[in-house]
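This briefing is intended for a reader who has the sequence and the model at hand. It is best read with the model open for inspection.

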Amino acid sequence: MAAMQIWQEIQRVQNDILERIARGDPLPVVMDRMCRMAESIARDAICSLIGIDEERRLRPIAAPSMPSGVAAALDGQPIGPAVGSCGTSAHLGKAVIVTDIDSDPLWDDYRCLVQPLGLKACWSSPINARDGRVIGTFALYFRTCRGPSEIEASLVGALGHLAAIAIEQEEIRQRNHRLAHCDGLTDLPNRLSFKLAVDERIGKRDFALLLVDLDRFKSVNDTMGHAVGDALLREIADRLRNLPFAASAFRLGGDEFAVIIDKCSELGALESAADQLVVQLTKPFHHDNLLINPDVSIGGVIAQRHGFDAATLFQNADFALYHAKERPGGSFVAFTAGMRTRISNRLTMIAELADALTEQRIEAHYQPIVKIQTGEIIGLEALARLRTREGRLISAGEFHEALTDPRLAGALTGHMLRQVAADVRRWIDGGIAFQHVGVNFSSSDFESGDMEEKIAAAFGAENVPLKHLILEVTETVLIRPDGRVAQAVSNLRAGGMRVALDDFGTGYASLTHLLDFPVDILKIDKSFVDRLLRDKRSLVIVRGLVAMAHELGIRVVAEGIENNEQAMRLSELGCRLGQGYLYARPADAATTERLLRLFAQPAESEPEVDRPSQGPNARRA
């Protein structure tokens, strides 16, 4: 072929490759075309193009005249000073000519790949990016022991620049794809990738979906810092990448992850995978001398069984996750049809409660706490009631689902505190021998971090000392592991407030928590009182609780007393205080005031609930 023809052919190759790059053809297609066209000019040569990844490893792109096994053997090999012609060229950043593969030490570990092909020599040139990085190699192999000819050198020089453009374009495309489809913190596929993965599987294969939420992640950020929180998220991502079963993991955002399990169509298989997931994710995590014990909640669905489209599957998995989060940490819940009804009711009640708060339709009703032997009222429990626009009263039990919304729960507590403080001020000013009122607080109130300020503001505005307030919490609030509840309560008790442990015996607390948590009052749950007369075990438990509480200096209130027989048995067991329909149902402030005037324990009597010393800022009534 004449020199002029060769240059015309090279120009034709350049134009062809530039056109393919410009229209966005896939990199392997462009590089394959480049190699074939180069081989049509340098007819005694075999061409190969290899990329170099971020970890400086060989990633074959195209070698159409070589068996695929050669590329497979080279894929992932780190570049270095003796990694054949290509790996060495990439390592040194300059051309490497090996004229005798059989004897050159650069090929000691690799000549077995090319000797069966009859290849005797190799010339490899680095492909450089605009910033100087080596991003690939362009190699010509020969069947005789020789170096490149002048024409071959010109060919590689002309095409090497185009190869650099094509590889850099691919890098940009992959970078943009990563930004769009991968999470920047954990490097897991993101929400968009998750949606695409589910869409791709719908109707084509069996699969299951798990939604995973880290419990109490906000407290990690708040107490240990965001750097620790980020480290925990990366650790969770690493654990999801190394699950003991085949799965695809995604980070949906915040502390929420998703796992897709292919070929999973049975509930038993889903439960088994979820159990393994819990074990994997709840292992202790050590970071900078800190120990974190993660807990997770997991909701799961199976395609076709729990939904036929992506939106329904995800929504049902979210419903299951919501129910899992209501249980102790490390829980898995599979979706059931009834969950949709419950969530629908919850959303309805959230809207109703939000409107009621805005329209001032939340009322504080009060149920007396009495001395069982005399019937004297020594205190009250404040209970929220929602009055509908039609005038019907709804108890807190009927709208408790709405209180899973932390914003509404906090708003309700604030409203109740202000109303209770105003009522107490009015009773005190009216000369009533008022002792104390209990107000219920939830986990959300402690999560907000401003509970102390909220209480101080409400009672301070009415000039009501905190000695008149009893903070009622349930066992599930008490046993929070982050210590926030104990610290907040300790601070409030220093200001004169007391603490009642409500519904005792129905949650997950153990008796040892009474040693660690500042409790002044135990309220024995109604379920024990209901069985007291017919169930010996309930009788034994109540007797033991009363005796233990008295020894610890803790007062006991029996809840849900409905008849005289229950009251007499409780009195025989040493329980002095009670609450229930036998004495009074919850009533509005006006009705409660009449009851207080008739039955309140005289002010000069010894209070039935011991009072801690008043804090320096407590105001007098």
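The points below concern open and enclosed space, one helix, and the cysteines.

The model is predicted. It holds five cavities of 30 Å³ or more and zero disulfides. Its second largest pocket has a volume of about 780 Å³, while the largest cavity encloses about 90 Å³.

**Second largest pocket**

- The volume of the second largest pocket is about 780 Å³; 22 residues line this pocket, and those closest to its centre are Ile52, Asp53, Glu54, Glu171 and Gln174.
- Two or more lining residues come from each of α2 (27-41), β1 (45-52), β2 (58-62), β5 (134-142) and α6 (150-181).
- Helix α6 makes the greatest contribution to this lining, with six residues.
- Charged residues number eleven in the lining of the second largest pocket, alongside nine nonpolar and two polar residues.

**Largest cavity**

- The space in the largest cavity amounts to about 90 Å³, and 13 residues line it, with Leu74, Gly84, Cys86, Trp107 and Tyr141 nearest its centre.
- The elements that give two or more residues to this lining are α3 (68-74), α4 (84-92) and α5 (111-114).
- Helix α4 supplies the largest share of the lining, namely four residues.
- By class, the lining of the largest cavity consists of ten nonpolar and three polar residues, with no charged residue.

**Second largest cavity**

- The second largest cavity has a volume of about 70 Å³.
- Its lining is formed by Ser48, Leu49, Ile50, Pro60, Ala62, Ala63, Met66, Pro67, Val70, Ala71, Leu74 and Tyr141.
- At least two of the lining residues come from each of β1, β2 and α3.
- Eleven residues of this lining are nonpolar and one is polar, and no charged residue is present.
- Leu74 and Tyr141 belong to the lining of the second largest cavity, and both are also among the residues nearest the centre of the largest cavity.

**Helix α15**

- Helix α15 spans residues 451-461, and its buried residues are Met451, Lys454, Ile455, Ala458 and Phe459.
- Viewed down the helix axis, the buried residues of α15 fall within an arc of 110°, so they line one face of the helix.
- Glu453 and Ala461, on the other side of α15, are exposed.
- After α15 comes Asn463, which has a positive phi, near 55°.

**Cysteines**

- Why does Cys35 form no disulfide with Cys47? The sulfur of Cys47 is the closest cysteine sulfur to that of Cys35, but the separation of 3.5 Å is too far for a bond; the cut-off applied to a pair of sulfur atoms is 2.5 Å.
- Is Cys35 buried or exposed? Cys35 has a relative accessible area of 0% and is therefore buried.
- For Cys112, the closest cysteine sulfur is that of Cys122, at 15 Å, which is too far for a bond.
- Cys112 counts as exposed because its relative accessibility is 53%, and the threshold for exposed residues is over 50%.
- The structure as a whole holds zero disulfides.

Notes. Residues numbered from 1 in each chain as written. Predicted model: local features only at pLDDT ≥ 70, side-chain atom pairs only at ≥ 80, totals over all residues. Heavy atoms only, no water. 1 Å grid on protein atoms, 1.4 Å probe; cavity = no way out; pocket = protein on both sides within 12 Å on 5 of 7 lines; lining within 4 Å. Points joined across faces, edges and corners; volume = space filled by probe spheres on them. Nonpolar A, V, L, I, M, F, W, Y, C, P; charged D, E, K, R; others polar. Buried < 20%, exposed > 50% of the residue type's maximum accessible area, 1.4 Å probe, protein only. Arc of directions from axis to C-beta.
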